[in-house]
Amino acid sequence: MMPHIAITMLPGRSKETKELLAECIRKLLSNELYVNQDLISVSIEDVSLEDWKKTMTKIAPETLYIKSKTA
């Protein structure tokens with residue numbers, strides 16, 4: 001399989017909004033990497049504000065290319 005994009009965000013968005021976001025990200029990645037869209041997967045995980053910092057510590061610093069200004 002090819003690229004997988006994992007999105008972590010605060011809860012509150014509808015399933016339809018998440019599906020649209022996932023599709024937009026998949027199209028963008030396909031265009032940028034010249035990869036067939038069918039080979040790209042996208043997941044979206046809702047994380048509560050209380051668990052945000054704990055969840056973000058699971059992401060290896062060397063894999064985080066853009067850091068939030070609020071982090």
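Q: Contact means heavy atoms within 4.5 Å. Leaving aside its neighbours within four places in sequence, which residues is Lys18 in contact with?
A: Once those neighbours are set aside, Lys18 touches Met9, Arg13, Ile44 and Asp46. Keep in mind that this is a predicted model, where local features need pLDDT of at least 70, side-chain atom pairs count only at pLDDT 80 or more, and totals for chains, interfaces and linings use all residues. Residues are numbered from 1 along each chain as its sequence is written, and side-chain values use heavy atoms, with hydrogens and water left out.

Q: Why is Lys18 called buried?
A: Buried means under 20% relative accessible area (exposed is over 50%, partly exposed is in between; 1.4 Å probe, protein chains only). Lys18 has a relative accessible area of 18%, so it counts as buried.

Q: Where in the protein is Lys18 found?
A: Look in helix α1, residues 15-33. Helices (H or I, at least four residues) and strands (E, at least two) are DSSP runs, numbered from the N terminus.

Q: What makes the pattern of the protein, read along the sequence?
A: There are two helices and two strands to place, and along the sequence they come as β-α-β-α.

Q: How do you know that the span of α1 agrees with its 19 residues?
A: The expected span is 1.5 Å times one less than the number of residues. For the 19 residues of α1 that gives 27 Å, and the end C-alpha atoms are 27 Å apart, so the two agree.

Q: Which residues of α1 are buried, and how do you know that they sit on the same side?
A: The buried ones are Lys18, Ala22, Leu29 and Ser30. They cover an arc of only 105° around the axis (using directions from the helix axis to the C-beta atoms), so they lie on the same side of α1. An α-helix has 3.6 residues a turn, so residues three or four places apart point the same way.

Q: What do the buried residues of α1 pack against, and which exposed residues are on the face turned away?
A: The buried residues pack against β1 (4-9) and β2 (41-46). Turned away from that buried side, you'll find the exposed Glu16, Leu20, Asn31 and Glu32.

Q: What follows α1?
A: That's Tyr34, and its phi is positive, near 55°.

Q: How many of the 71 residues, as a percentage, are buried, and what share of the contacts with a separation of 6 or more is between residues 24 or more positions apart?
A: Buried residues make up 15% of the 71. As for those contacts, 67% are between residues 24 or more positions apart.
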